[in-house]
Structures are given as structure tokens and as C-alpha cells.
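Reader: I would like to go through the helix packing and the ligand site. Please justify each term as we go.

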Amino acid sequence: MDRVFSGIQPTGEVHIGNYLGAIKHWVELIDQYDCIYCIVDYHAMTVPYEPGEMSRRILDAALVNIACGLDPERCTLFVQSHVPEHTELTWIFNCVTPIGDLERMTQFKEKAKQHRKHVNAGLLDYPVLQAADILLYKAHYVPVGVDQVQHVELTREIARRFNQRFAPIFPEPQVLHSPTPKILGLDGQSKMSKSLNNYIGMLEPPDVIWEKLRTAVTDVQRVRRSDPGEPTRCNIYTIHQAFSPSEVLKEIESGCRSAGLGCVDCKRLLFEHMMKELDPIRQRAESLRRDDGPVRRALIRGAERCREIAREVMKEVRSSAGLLPLDAIS
Ligand code: AQP
């Protein structure tokens with residue numbers, strides 16, 4: 001079975017951008033591939049955070065992923081820092097990655113602007129750690145949102161450089177595009193993002209979600225209720241496409257274009273269909289919060305499996321790179 005690898009940062013509340021751009025797609029893949037999904041806590045350390053909150057966030061990210069349908073009996077879920085080989089492989093990849101490649105990364109430039117006073121080496125090295133995550137498991141496919149495509153391309157480049165310099169041991173992984181690769185925030189402009197506080201959290205109470213939806217930006221060219229709108233210009237319509245059935249989408253398209261349907265009514269319809277999908281997820285999360293034993297057990301099993309794979313691959317990597325194994329000295 002081909003292998004899939006992807007990760008999510010425990011940087012805050014999991015939002016519908018993460019869900020539609022990544023997690024929902026991950027769930028769809030678990031029976032077709034050997035799927036390994038990771039809570040990438042080392043990546044989360046590249047921006048300022050509260051150490052006292054990190055372990056809770058890590059557990060919570062795992063819990064939400066499971067509540068969203070990542071059944072740990074059918075895929076592997078683990079925490080990046082539980083497998084130290086990720087950072088070891090990062091070091092080796094650092095030595096085949098030109099700094100210029102990292103400085104060109106869009107995410108680095110954006111995050112460096114966002115966290116001007118905290119532009120640490122880890123932020124620049126973020127995509128190399130991501131390459132190590134993926135290649136440590138020799139993954140064939142990486143399902144991500146559009147914002148991460150550039151990093152997967154760099155991963156392919158790093159695999160090529162390592163293979164040419166040392167030995168051809170890594171596959172060049174391919175992106176698997178999510179059906180909804182980019183969800184904009186409630187401002188209708190920037191990417192929905194935990195750190196931009198422009199998101200709808202997966203587990204937020206329905207009244208909070210409605211309030212956020214009610215005030216979200218729609219088609220900016222539709223100024224008055226009587227103006228016809230254009231669904232393809234509207235972020236609310238993009239979200240509708242992910243949650244609402246095709247007959248509702250048709251109704252919205254014609255209603256919006258003819259000005260028969262107002263934005264608030266359109267949002268009410270979205271809220272209704274969104275809640276059909278989010279309510280059971282919230283209920284599963286509440287039950288896992290009452291007893292998080294299944295989450296903890298999944299992470300222990302996941303770390304055990306990933307450590308085994310990582311140990312073997314790192315033996316191969318060290319040997320290809322010409323390092324001296326301890327057991328060869330005696
Ligand atoms: N708005 C989005 N639309 C589609 N996909 C998205 N993803 C994130 N935001 C969107 C996808 O979710 C996966 C996990 O993302 P992440 O948590 O590792 O990192 P991120 O992309 O940096 O997410 P945020 O919310 O923007 O976090 P912060 O604010 O902490 O930087 C990835 O596959 C990503 O593509």
C-alpha cells in the first residue's frame with residue numbers, strides 16, 4: 001500500500017480551514033493508503049507560545065482530529081517530538097539545502113512579517129523539518145491545503161539532492177490536493193488561520209459560529225440587498241460548496257445572481273448544513289474530553305510504530321551519508 005503523510009500544528013483551535021483543507025480529506029484517504037498523521041509540535045515552537053499550554057494543545061489537536069473521523073484503528077496518529085529521528089534527519093537535510101531556497105518560501109516571508117521580533121532559525125528551517133517528517137516515512141503522497149504546496153515541492157527537491165549526493169533512498173512525494181484547498185477567513189481576504197483570529201473553530205458553540213457567520217464578509221460588490229451578487233466572488237459560497245448538497249448550491253447560485261436571496265438568508269442555509277456536519281464532531285469531542293483514554297492510547301501506539309520505521313530509515317540514511325556506526329567500532 002502506498003503511504004500518505006501529513007501533519008497539523010498544535011498552535012491553537014482547529015478551524016474549518018484546517019478541516020476542509022486537510023483533516024476531512026485525510027479521513028477520506030485512510031482506507032486507500034497507509035496513512036500516518038502527525039501533531040507537529042516542533043513546528044509549533046517556531047512562533048511564540050506559552051510552554052504551560054503546549055501539552056494540552058498537543059492532546060487537544062489529537063482529540064479533535066479523532067473526533068473529526070481520523071479513526072486511530074485505521075491510521076497512525078502520533079506526536080512529532082515522540083520520534084527524535086525527525087530532528088536528526090532535519091540536520092542531515094540542512095546540509096543539502098541551500099539557504100536561498102528557504103529564504104524564498106512564502107510562508108517564511110509571511111510569518112517573519114507577522115512575528116517581526118521572533119524571526120528565529122527554526123522559522124527559516126520549518127520546511128526542512130517538514131521534509132524530514134515526510135521522507136522519514138518514505139511517504140508517496142502528502143495531502144495538504146494550497147498554502148503548503150510550496151513546502152512539498154521543496155521536499156521533493158531535498159529528496160533529489162540527498163539521493164544524488166548520497167544514495168537513492170527517498171521517493172519524491174506528491175501533493176494530494178484537497179477538494180477545498182483554500183478557505184479564506186471571515187474577512188474574506190486572508191487565509192483562514194489560527195493566528196489571524198479570522199476563523200470558525202470546529203468545536204465552537206453554535207451561537208458563536210452563527211454570530212461569526214452573520215458578520216462574515218460576502219461578495220464585496222453586492223452593496224445593497226437588491227444588488228445581484230456573484231457566488232464565485234463570495235467566501236461564504238466557497239464554504240457552502242463544502243457543506244451543502246448540490247440542490248442547495250443551485251438554489252443559492254440562482255438566488256444570489258437574481259438578488260432573490262439575501263446574504264443573511266444564504267448564511268442561515270450555510271449554518272444549517274454546517275451544523276449537520278459539525279454537531280456530531282462536537283459530540284464525539286465532548287465524549288473524548290470526558291474520557292481521553294482512547295486519544296492517549298492512539299498516540300502511544302502511533303509513536304511505537306513510527307519509532308520503528310524511523311529507526312530503520314535512519315540506519316539507511318546514516319550509512320548512505322558515510323557516518324560511522326557505533327557497533328562498527330568494536
Ligand atoms: N485556510 C485554510 N484553507 C485550507 N487549508 C488550510 N490549512 C490551514 N489553513 C487552511 C491546512 O491545514 C493543514 C494543517 O495546517 P497547520 O495547522 O499545520 O498550519 P497552518 O497552515 O499554518 O494553519 P494555520 O491555521 O494558518 O495556523 P497558524 O495560524 O498557526 O499558522 C495544512 O495541510 C494546511 O494546508
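Author: What follows takes the helix pairs in turn, then the ligand, in a predicted model.

Reader: Why is H7 called roughly perpendicular to H8?

Author: The axes of H7 (residues 121-135) and H8 (residues 149-165) cross at roughly 70°. Angles of 65 to 115 degrees count as roughly perpendicular. That makes H7 roughly perpendicular to H8. The two axes come within 9 Å. The crossing of H7 past H8 is right-handed.

Reader: Which residues make the contact of H7 with H8?

Author: From H7 come Tyr126, Pro127, Val128, Gln130, Ala131, Ile134 and Leu135. They meet His151, Leu154, Thr155, Ile158 and Ala159 in H8. By class, this contact has 9 nonpolar, 3 polar and no charged residues.

Reader: What makes the angle between H9 and H12 count as roughly antiparallel?

Author: The axes of H9 (residues 206-214) and H12 cross at roughly 150°. Angles over 145 degrees count as roughly antiparallel, so this one qualifies. The axes come within 10 Å, and the crossing is right-handed.

Reader: Which residues of H9 meet H12?

Author: Pro206, Ile209, Trp210, Leu213 and Arg214 do. Their partners in H12 include Val264, Phe271, Met275 and Arg282. The contact of H9 with H12 divides into 10 nonpolar, no polar and 4 charged residues.

Reader: At what angle do H10 and H12 cross?

Author: The axes of H10 (residues 235-243) and H12 (residues 263-290) cross at roughly 35°. They come within 9 Å. This crossing is left-handed.

Reader: What meets what between H10 and H12?

Author: H10 supplies Ile236, Ile239, His240, Ala242 and Phe243. Among the residues they meet in H12 are Cys266, Leu269, His273 and Glu277. The classes are 9 nonpolar, 2 polar and 2 charged residues.

Reader: Now the ligand. What makes the pair between Lys191 and the ligand a polar contact?

Author: A polar side-chain atom of Lys191 lies 2.9 Å from an oxygen atom of the ligand. The cut-off is 3.5 Å between N or O atoms, so the pair counts.

Reader: How do you know that Gln9 and Gly17 make polar contacts with the ligand?

Author: A backbone N or O atom of Gln9 is 3.2 Å from a ligand oxygen atom. A polar backbone atom of Gly17 is 3.3 Å from a ligand nitrogen atom. Both pairs are within 3.5 Å, so both count.

Reader: Which residues come nearest to the ligand?

Author: Of the 22 residues around the ligand, Lys111, Asp147, Ser193, Lys194 and Ser195 come nearest.

Notes:
Residues are numbered from 1 along each chain as its sequence is written. This is a predicted model: local features need pLDDT of at least 70, side-chain atom pairs count only at pLDDT 80 or more; totals for chains, interfaces and linings use all residues. Side-chain values use heavy atoms; hydrogens and water are left out. Axes are lines fitted to C-alpha atoms, for helices over the stretch in contact, and angles run from 0 to 180 degrees between N-to-C directions. Helices (H or I, at least four residues) and strands (E, at least two) are DSSP runs, numbered from the N terminus. Angles under 35 degrees count as roughly parallel, over 145 as roughly antiparallel, 65 to 115 as roughly perpendicular and the rest as oblique. A crossing is left-handed if the near helix is turned anticlockwise from the far one by less than a right angle, and right-handed if clockwise. Contact means heavy atoms within 4.5 Å. Ala, Val, Leu, Ile, Met, Phe, Trp, Tyr, Cys and Pro count as nonpolar, Asp, Glu, Lys and Arg as charged, and the others, Gly among them, as polar. A residue is near a molecule or strand if one of its heavy atoms lies within 4 Å of it. A polar contact is a pair of N or O atoms within 3.5 Å; within protein, one must be able to donate a hydrogen and the other to accept it, and residues adjacent in sequence count only if both atoms are side-chain atoms.
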